[in-house]
Amino acid sequence: MKNIFNLILLLSLSIAMQSCFSMQDEVWIEADGSGRLEATMDLSSMYPFLMMGLQEGMNKDKDGDGKPEESDPFTSMMNGMLTAEEIDTTINFGDMIGSALAEEGMSWEQMLDSLRNAPPEADVTEEQKEVMLAMFEEMQGLHLRMQSSKVDQTFIITVIQRVESIGTMNSFGETMMEMIELMAEEEGNASPFGQGGEGDAILQQFSNAQTQLDLNGNTLRIRRAGMDVSILGEEFEQNFSMIKMFLGNEPYRMIVHFPGKVRKVSSSVAEKVDKNTVAIEIPLDDLFDPEKILDVEVQFKGLKK
């Protein structure tokens with residue numbers, strides 16, 4: 001199972017970072033309460049610098065023998081994406097993990113059953129079991145779309161999440177963070193978020209940066225707190241300042257499509273685009289200011305009772 005754990009850790013880290021730093025989120029709510037979220041991050045303005053960083057990583061001489069070290073799978077994949085003439089591909093996480101399981105002689109259902117019925121001697125706590133089951137089940141509905149053009153120097157990443165209940169999106173980010181810690185522990189590594197109080201504080205910041213969608217009858221409440229990037233360390237804060245410089249003054253946008261007519265919107269940062277659609281727009285800096293909190297309430301029609 002080692003390869004599967006490594007794959008899930010890599011995917012979890014990628015999605016966690018993407019969900020915190022997306023510049024546009026688009027949500028579709030269906031009449032039965034199910035939904036789809038697409039979180040998009042356009043890194044085209046950083047294309048030349050991404051190339052420089054990747055080439056440096058690909059050519060690094062780790063052992064001092066004059067030969068470049070073997071690149072990790074993620075670096076190799078990114079290098080292939082950015083150097084290709086044009087790519088528009090969507091990765092189905094369920095299929096990817098399913099293929100890794102097949103190499104171990106297991107199916108998705110067999111793996112989930114073995115986890116549900118793990119005996120006490122398997123050394124898996126009930127808490128770990130719940131987190132892993134939730135994560136595996138959610139990953140079956142996750143897709144990652146990557147668009148890149150060498151000629152136009154564009155690079156866009158979109159995470160697509162489909163859920164049976166719109167409220168499931170609320171807990172998914174937190175479950176992912178917990179899964180990352182479990183995977184690191186499984187590999188015998190320290191938590192990527194730090195230890196003790198520091199790690200808890202960082203996890204809380206990532207949790208705050210997740211958009212919360214609370215559906216209560218025909219009312220949707222959208223909440224998101226600003227993230228304090230300073231708590232992630234000086235190096236991260238410096239790198240993030242550079243990223244913001246390249247992103248410029250582009251605002252953060254969230255578009256929500258409802259199954260019926262929008263009746264009332266409570267916030268000045270949100271407006272009706274058409275009878276079934278609401279758009280929210282705020283400065284990108286607000287997402288990284290712990291003093292700023294996005295809180296929007298929308299009343300609408302169209303849900304099946």
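**Exercise 1. Salt bridges**

How many salt bridges does a search of the whole structure find? For three of them, give the partners and their exposure.

*Solution.* The model is a predicted one, and a search of the whole structure finds nine salt bridges.

Step 1. Among them is the pair Glu38 and Arg36, whose side chains meet at 3.3 Å, N to O. Glu38 has a relative accessible area of 21% and is therefore partly exposed, and Arg36, at 21% relative accessibility, also counts as partly exposed.

Step 2. Another is formed by Asp214 with Arg223, with the closest N and O atoms 2.2 Å apart. Asp214 is partly exposed at 26% relative accessibility, and Arg223 is partly exposed with a relative accessible area of 31%. Elsewhere, salt bridges with shared partners join Glu109, Asp113 and Arg116 into one network.

Step 3. Within that network, Glu109 forms a salt bridge with Arg116, the closest N and O atoms being 3.2 Å apart. Glu109 is partly exposed, at a relative accessible area of 43%, and Arg116 counts as partly exposed at 33%.

**Exercise 2. The buried face of helix H5**

Which residues of helix H5 are buried, and where do they fall around the axis of the helix?

*Solution.* Step 1. Helix H5 covers residues 108–116, and its buried residues are Trp108, Met111, Leu112 and Leu115.

Step 2. Viewed down the axis of H5, these buried residues fall within an arc of 95°, so they line one face of the helix.

Step 3. The spacing fits a general rule: an α-helix has 3.6 residues a turn, so residues three or four places apart point the same way.

**Exercise 3. A residue with positive phi**

What is the phi of Gln153, and where does this residue lie?

*Solution.* Step 1. Gln153 has a positive phi of about 55°, although it is not a glycine. Most residues other than glycine have a negative phi.

Step 2. Gln153 lies in the loop between strand S4 (142–149) and strand S5 (154–163). Because its relative accessibility is 38%, Gln153 counts as partly exposed.

**Exercise 4. Surface charge and strand S10**

Which residues gather in a patch of positive charge on the surface, and how far apart in space are Asp274 and His257?

*Solution.* Step 1. The patch of positive charge is made up of Lys261, Arg263, Lys272, Lys275 and Lys301. Of these, Lys261 lies in the loop between strand S8 (252–257) and strand S9 (262–265).

Step 2. Asp274 is found in strand S10 (residues 270–274), and with 39% relative accessibility it counts as partly exposed. Asp274 and His257 are 17 residues apart in sequence and 9.5 Å apart in space, C-alpha to C-alpha.

Terms used: Residues are numbered from 1 along each chain as its sequence is written. This is a predicted model: local features need pLDDT of at least 70, side-chain atom pairs count only at pLDDT 80 or more; totals for chains, interfaces and linings use all residues. Side-chain values use heavy atoms; hydrogens and water are left out. Patches are made of residues with over 30% relative accessible area and no salt bridge: like charges are joined within 9 Å, nonpolar side chains (Val, Leu, Ile, Met, Phe, Trp, Tyr) within 5 Å. Accessible areas come from the Shrake-Rupley method with a 1.4 Å probe; for residues, only the protein chains shown count as cover. A salt bridge is a side-chain nitrogen of Lys or Arg within 4 Å of a carboxyl oxygen of Asp or Glu. Lys and Arg count as positive and Asp and Glu as negative; His and the chain ends are not counted. The place of a charge is taken as NZ of Lys, CZ of Arg, CG of Asp or CD of Glu. Helices (H or I, at least four residues) and strands (E, at least two) are DSSP runs, numbered from the N terminus. Buried means under 20% relative accessible area, exposed over 50%, partly exposed in between (1.4 Å probe, protein chains only). The arc is that of the directions from the helix axis to the C-beta atoms.
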